[in-house]
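Subject: Structure handover

Hi,

Here's the structure I promised to pass on. Have a look first, and then read on for what turned up in it.

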Amino acid sequence: ATEAQQTDAHVRHEEQFQVTDILSGRICPELHGRPEYLDMLGYNYYYNNQWVVHTNQFLDWQQLTVNARFIQLHKLLAAAHTRYGCPIVVTETSHPKEDRPRWIKMVGAECELALKAGLPLWGVCWYPILDRPDWDNLNNWHQSGLWDGECTPGHSPRHLHLATATALWQVQDDLAKILI
């Protein structure tokens with residue numbers, strides 16, 4: 001990437017903190033933000049949260065070892081904690097279809113790294129827990145929940161996605177061991 005592209009990417013990265021910077025009083029003092037307004041921070045983390053500025057090409061989370069631009073979750077959480085000094089919650093995460101188990105295992109491993117580094121990570125929310133349709137196209141179901149099932153009037157079968165549930169149970173067990 002060119003120096004201009006790197007600068008632009010840095011500016012875009014910083015823009016995601018504007019609201020929290022205002023609430024905490026770091027910027028726009030005329031709005032009377034204060035650090036004590038932040039008791040914890042919530043961050044959504046999805047497979048498509050990181051992309052190349054201007055092309056909107058997603059950075060492939062499955063290619064971590066070959067894609068130096070992709071920033072691992074535990075590093076993003078550490079940077080947010082350094083910036084604001086607050087406990088953290090991953091307020092939404094999931095992945096559609098067959099990669100759900102791999103995603104939850106990766107998120108679990110990242111949470112383990114964050115906890116071992118001493119970060120105050122208070123929790124993670126898998127969203128949606130029940131499959132749901134796309135916001136813009138109610139006929140497109142994501143299959144990103146722990147349970148799948150397209151609801152129709154008068155009938156809403158739900159089926160546990162066993163591979164995702166098994167991955168979740170394993171991650172919970174692994175994290176419980178380090179929290180004891």
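Let me start with a pair of charged side chains. K116 and E112 form a salt bridge, with their closest N and O atoms 2.8 Å apart. Both residues sit in helix 4, four residues apart, which is about one turn of the helix. K116 is exposed because its relative accessible area is 58%, over the 50% cut-off. E112, at 22%, counts as partly exposed. Before you go further, keep in mind that this is a predicted model.

**More salt bridges**

How many salt bridges does the structure hold? There are eight. As a reminder, side chains of opposite charge can pair when their charged atoms come close.

One of the eight joins D148 and R100, at 2.8 Å from N to O. This pair links distant parts of the chain: D148 is in strand 4 and R100 is in helix 4, 48 residues apart. Are these two buried or exposed? D148 has a relative accessible area of 13%, so it falls under the 20% cut-off and is buried. R100 is buried too, at 2%.

Helix 5 has a salt bridge of its own, between D173 and K177, whose closest N and O atoms are 3.3 Å apart. The two residues are four places apart in that helix, about one turn. D173 is partly exposed at 37%, while K177 is exposed at 57%. There is also a network: salt bridges with shared partners join E14, D21, R26 and R83.

**Helix 4**

Helix 4 comes up a lot, so here it is by itself. It has 17 residues and reaches 24 Å from its first C-alpha to its last, close to the 24 Å expected at 1.5 Å a residue. Its buried residues are R100, P101, W103, I104, M106, V107, G108, E110, C111 and A114. What covers them includes helix 3, strand 2, strand 3, strand 4 and helix 5. After the helix comes G118, which has a positive phi near 90°.

R102 is also in helix 4, but it counts as partly exposed, because its relative accessibility is 43% and partly exposed runs between 20% and 50%. Leaving aside residues up to four places away in sequence, R102 touches W61 and Q62. For a sense of distance, the C-alpha atoms of R102 and N67 are separated by 18 Å, with their positions 35 residues apart along the chain.

**Helix 3**

Helix 3 covers residues 73-84, twelve in total. Does its length fall where it should, or what span would you expect? At 1.5 Å a residue it should span 16 Å, and its end C-alpha atoms are 17 Å apart, so the two agree. L73, H74, L77, A80, R83 and Y84 are its buried residues. They pack against quite a list of elements: helix 1 (3-15), helix 2 (18-24), strand 1 (41-44), strand 2 (88-93), helix 4 (100-116) and strand 3 (121-126). G85 follows helix 3, and its phi is positive, near 70°.

**The nonpolar cores**

Which residues touch the most other members of the largest nonpolar core? Of its 24 residues, they are Y45, L77, W103, M106, V107 and L121. Helix 3, strand 2, helix 4, strand 3 and helix 5 (162-179) each supply at least two residues of this core. Helix 4 gives the most, with six. As for M106, it touches Y45 and W61, again not counting residues up to four places away in sequence.

A second, separate core has five residues, among them F17, L38, L41 and Y84.

**On the surface**

Last item: a nonpolar surface patch of about 560 Å². I129, L130, W147, L160, L162 and W169 make it up. L130 lies in the loop between strand 3 and strand 4 (147-148), and it is partly exposed, with a relative accessible area of 32%.

Over to you!

Terms used. Residues are numbered from 1 along each chain as its sequence is written. This is a predicted model: local features need pLDDT of at least 70, side-chain atom pairs count only at pLDDT 80 or more; totals for chains, interfaces and linings use all residues. Side-chain values use heavy atoms; hydrogens and water are left out. The expected span of a helix is 1.5 Å times one less than its number of residues. Buried means under 20% relative accessible area, exposed over 50%, partly exposed in between (1.4 Å probe, protein chains only). Contact means heavy atoms within 4.5 Å. A nonpolar core is a set of buried Ala, Val, Leu, Ile, Met, Phe, Trp, Tyr and Cys residues joined through side-chain atoms within 4.5 Å. Patches are made of residues with over 30% relative accessible area and no salt bridge: like charges are joined within 9 Å, nonpolar side chains (Val, Leu, Ile, Met, Phe, Trp, Tyr) within 5 Å. Accessible areas come from the Shrake-Rupley method with a 1.4 Å probe; for residues, only the protein chains shown count as cover. A salt bridge is a side-chain nitrogen of Lys or Arg within 4 Å of a carboxyl oxygen of Asp or Glu.
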